[in-house]
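Q: Could you take a close look at one helix for me and walk me through its surroundings? I would like a connected account of how its residues sit against the rest of the chain.

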Amino acid sequence: MSRKTGKPSYVRQAQAEQTRRMPLTVVIVLVVMAVLAGGLGGFLIGRPDSTTRAVEELRAQEAVRDKQQIQELTVVVGDSQKALDTLLAAFDGALEKGQPADAATVQGWQTTIRQLVAKHAESPSGTTATNVARGGFRGAVNDFAVTVDLFAAAQAGPEAQRAGLIEIVKRSRTAAAAAWSVAADQLDQINVDAGLGHQHAYLTGQSGGEGHTD
């Protein structure tokens with residue numbers, strides 16, 4: 001045992017060896033900490049940017065999809081408007097005159113309306129504004145179908161009750177036209193919002209709702 005330190009030589013040798021090894025251990029720990037800190041920093045800094053880009057991409061895809069749906073709906077509504085204008089010109093004339101229409105004519109109206117109902121039955125999911133417009137036209141066409149069916153029932157019913165039933169038909173006709181007009185307002189708005197310009201699909205029959213002009 002050494003008289004200067006009071007420690008055996010092998011103890012002093014082990015302590016010296018440990019002292020030589022400590023810097024290497026410290027370096028390793030620091031390197032690991034740096035790697036972890038760098039990864040965490042990249043996660044915290046990079047992730048928000050990635051999330052923002054992903055959200056923006058989803059919104060862009062939705063805008064493209066909605067624009068296509070608006071264009072498709074506008075075409076369907078335009079074709080329906082023409083068919084309804086032709087039908088209502090004759091239908092409103094019969095209502096105003098208060099004269100019965102022949103059975104073949106009434107059946108023709110019913111066939112036309114049923115075709116329009118089927119055309120508007122499709123309901124793809126879109127944005128809220130587009131869904132509102134689509135649902136509005138669907139409801140209006142269904143109201144017109146009820147109106148024509150009521151007229152057919154009035155025609156087939158007792159003559160004594162016909163006048164009262166025709167008045168109900170007129171109220172139903174007015175409600176259907178109003179529903180179409182509201183849907184047309186919505187269609188015009190979503191076209192403008194999508195950068196497609198004004199699209200007027202208002203009915204032009206004798207009682208075809210309130211036309212809209214800019």
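A: Let's start with R171, which is exposed, with a relative accessible area of 57% (exposed means over 50%, buried under 20%, partly exposed in between, using a 1.4 Å probe and protein chains only). R171 lies in helix α4, where helices are DSSP runs of H or I with at least four residues, strands are E runs of at least two, and numbering starts from the N terminus. The C-alpha atoms of R171 and T147 are 8.7 Å apart, although 24 residues separate the two along the chain.

A word on the source: this is a predicted model, in which local features need pLDDT of at least 70 and side-chain atom pairs count only at pLDDT 80 or more, while totals for chains, interfaces and linings use all residues. Residues are numbered from 1 along each chain as its sequence is written, and side-chain values use heavy atoms, with hydrogens and water left out.

Now for the helix itself. The 35 residues of α4 should span 51 Å at 1.5 Å a residue, and the end C-alpha atoms are indeed 51 Å apart; the expected span is 1.5 Å times one less than the number of residues. Just after α4, G195 takes a positive phi of about 80°.

Two salt bridges are counted, each being a side-chain nitrogen of Lys or Arg within 4 Å of a carboxyl oxygen of Asp or Glu. In one, the side chains of R173 and D92 meet at 2.9 Å, N to O. This pair links distant parts of the chain, with R173 in α4 and D92 in α1, 81 residues apart. R173 counts as buried at 2% relative accessibility, and D92 likewise counts as buried at 2%. K170 pairs with E167, their closest N and O atoms being 3.6 Å apart. Because K170 and E167 are three residues apart in α4, about one helical turn separates them. K170 is partly exposed at 28% relative accessibility, and E167 is partly exposed at 41%.

R173 also appears among the residues touched by F91, along with W109, T147, V148, F151 and V169, leaving out residues up to four places away in sequence (contact means heavy atoms within 4.5 Å). F91 is one of the residues that touch the most other members of the largest nonpolar core, which has 36 residues; such a core is a set of buried Ala, Val, Leu, Ile, Met, Phe, Trp, Tyr and Cys residues joined through side-chain atoms within 4.5 Å. Helices α1, α2, α3 and α4 each give two or more residues to this core, and α3 gives the most, with 10.
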